[in-house]
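Please open the structure in the viewer and keep the sequence panel visible. The tour below proposes what to select at each stop and describes what is found there.

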Amino acid sequence: MTTAGSYDAVVIGGGHNGLVAALYLARAGWSVAVLERNATVGGAIASGEATLPGFVHDLYSTNQNLFLGSRTYADFGSDLSRHGLRFRTTDHPYANVFPDGLSMRVHSDYERTLGQLAQHDSGDAEGFAGLYQQYRQFAPYLFGLYGSAVPSSAAVRQVLDLLRHHGLRGARELTHTLLMSTRELGTTWFATREAQAMAACWGMHLDFGPDVAGGAMFPLLEMFADMENGMSVVEGGAQRLPQALAAVLAELGGEVRTGAEVDRVLCSNGRAVGVRCVDGSTLTARRAVIANVGPPALYQRLLECEQVPAQVRRASRGYLYGPGTMMLHLALEGPLPWAAGSGLADFGYVHVAPYVDDLARTYTESQAGLLPTEPLLIVGQTSAVDPTRAPAGHHVVWIQIRTMPSVIRGDAAGAIPHTGWPEAVEPMTDRVLAKLEQYAPGSGSRIVRATAYTPQDLESADPNLVGGDSVAGSHHLSQNFFFRPMSGHSGYRTAVPGLYLTGAATWPGAGNNATSGRLTARQVLKDVRLRGGSWAARKRRHP
Ligand SMILES: Cc1cc2nc3c(=O)[nH]c(=O)nc-3n(C[C@H](O)[C@H](O)[C@H](O)COP(=O)(O)OP(=O)(O)OC[C@H]3O[C@@H](n4cnc5c(N)ncnc54)[C@H](O)[C@@H]3O)c2cc1C
């Protein structure tokens, strides 16, 4: 075994959360190394010429609104922009399309959005206005909670502030909404099945089929935050975001090593003291090891069995992953020719479902291992937001296909006989493109090249996306808030002193929010201060 260095902290995994945790520690004066198994940092934030030279696709995540709204961006935004990080934003954030050329469009211009909804049905416009009012009332507390460790005194403060300003009645109203499924949210607020579908589609970005309790929170936040802020992507490709994080980290003295896969967290006297890489080299961590992975990887693979209490190991086996995702990247010679009108090609996202019942069937089918008949297409029109992504007159389109079985047991439509993803990917791509053709007739003839990534491909690219679960673990109520990542193990400490868990598997979960990385670093620094305090006290007592 060769020793490859000694640091205050070693971070396993260079996803944006791992990098952000390292950044805050480096800013506090710590020596830090980030070890990333891939050739590039960023995990699920990556971009590349997935179809043809000159066409830059966001390979996985694309919408950077959460990052832009994060405390980390507030803290490091000017440093990141010095390293070339820029964003492009559209004021046409999202829309839904329906049969017969119908669409629902949400613009950053609230009055315009409301006017269009009213043209469709006055009940939808009234509902949208009512729900927006609720969002405006409660968003500060929800975002406050989203940016705080849970449980923590900061989280309690959010709840107390909510009670102070809105009383028990307000707290009851908000809790009622948050416990709703997306179907319940839609039928409570909207008159037509089109508007109801608009809300439910947002739940499917996470792992909330329309009938899962607790699904309403994400649509409540995304529908209105995206309306208010527009939708943003990284200029030139998502990869520039983690690259800029790594560049700022390097300026602060931090080190990033790519092609460095960790296979063991080293412990001594029950405490994490370093890591071993697959090439046998070891790194010493004097103060903390931070793992940007999921609980099963940490407790079942990275740690020796005897380091993990049996109950924790058992709990990690029960960590639930959501259904899979398939990605389809298109290089187009022209915008998508939407039946609902050419203006639709300007929107950041177009949801093609069409209705809540279709989403419910899709969710159930994929959970049962069946290729869904009518999967949801989240069509990201990346080059409409950032024209630098494709040659003039051409476009890149990002389609997230939700939800998919991780392991195929059959086909709900009875047409695809394959149960292996390598064979099923082509006919499934044909099904997706046929659906797109229904809503954007002539789109097929504009496709110059298509590249599909199966749920298996996603997991191969980033082992945190187990089974192609794009959200790194279910966000259902039993595994969210103070049950994330596991009941009794919320927060960022682990069962092993000196070892911390960060990333989408921890609160506040998936998304490019950078929050978990920041909160993990804060926990680490706090623990070291506390230990320092108790050591100092012990030293005073026993000089
Ligand atoms: C298809 C898709 C679409 C998405 N769309 C959006 C979106 O539009 N907007 C949004 O906000 N969010 C989106 N998300 C979610 C978001 O991208 C993720 O939640 C987020 O990137 C997670 O970041 P992370 O730092 O926690 O971990 P990850 O991004 O998963 O990074 C973890 C890193 O750790 C590395 N690693 C793991 N194990 C080891 C090891 N043993 N040794 C060394 N390295 C290791 C991995 O290679 C990886 O690079 C999407 C996700 C996917 C998959």
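With the whole protein selected, display its surface: about 20500 Å² is exposed, and carbon and sulfur atoms supply 51% of that area. Accessible areas come from the Shrake-Rupley method with a 1.4 Å probe, and for residues only the protein chains shown count as cover. This is a predicted model, in which local features need pLDDT of at least 70 and side-chain atom pairs count only at pLDDT 80 or more, whereas totals for chains, interfaces and linings use all residues. Residues are numbered from 1 along each chain as its sequence is written, and side-chain values use heavy atoms, with hydrogens and water left out.

**The whole protein**

Switch to a cartoon display, in which 18 helices and 20 strands can be located. These elements are DSSP runs numbered from the N terminus: helices are H or I runs of at least four residues, and strands are E runs of at least two. Along the principal axes, the C-alpha trace spans about 80 × 55 × 45 Å. The radius of gyration, taken over C-alpha atoms, can be set against a globule rule of 2.2 Å times the number of residues to the power 0.38. For 543 residues, a compact globule would have a value near 24 Å, and the protein, at 23 Å, agrees with this.

Of the 543 residues, 59% are buried; the word means under 20% relative accessible area, while exposed means over 50% and partly exposed lies in between (1.4 Å probe, protein chains only).

**Stop one: glutamine 381**

Select glutamine 381, in the loop between strand S16 (376-380) and helix H14 (382-385). Is this glutamine 381 buried or exposed? Glutamine 381 has a relative accessible area of 4%, so it counts as buried. Next, add tryptophan 338 to the selection: a polar contact of 3.0 Å joins the two side chains of glutamine 381 and tryptophan 338. A polar contact is a pair of N or O atoms within 3.5 Å; within protein, one must be able to donate a hydrogen and the other to accept it, and residues adjacent in sequence count only if both atoms are side-chain atoms. Setting aside residues up to four places away in sequence, glutamine 381 also touches others, including Leu336, Phe347 and Val396, where contact means heavy atoms within 4.5 Å.

**Stop two: two cis peptide bonds**

Most peptide bonds are trans, and most residues other than glycine have a negative phi. Select valine 150 and proline 151, whose peptide bond is cis, with omega near 0 degrees. Proline 151 is in the loop between helix H5 (122-146) and helix H6 (153-179). Then select arginine 484 and proline 485, which are also joined by a cis peptide bond. Proline 485 is in the loop between helix H17 (455-461) and strand S20 (499-501).

**Stop three: two alanines with positive phi**

Alanine 472, in the loop between H17 and S20, has a positive phi near 55 degrees. Alanine 472 is buried because its relative accessibility is 9%. Move on to alanine 514, in the loop between S20 and helix H18 (515-541), where phi is near 60 degrees. At 0% relative accessibility, alanine 514 is buried.

**Last stop: glutamine 523**

Select glutamine 523 in helix H18, which is buried at 17% relative accessibility. Leaving aside neighbours within four places in sequence, glutamine 523 is in contact with Arg493 and Tyr500. Finally, draw a distance from glutamine 523 to proline 337: their C-alpha atoms are separated by 50 Å.
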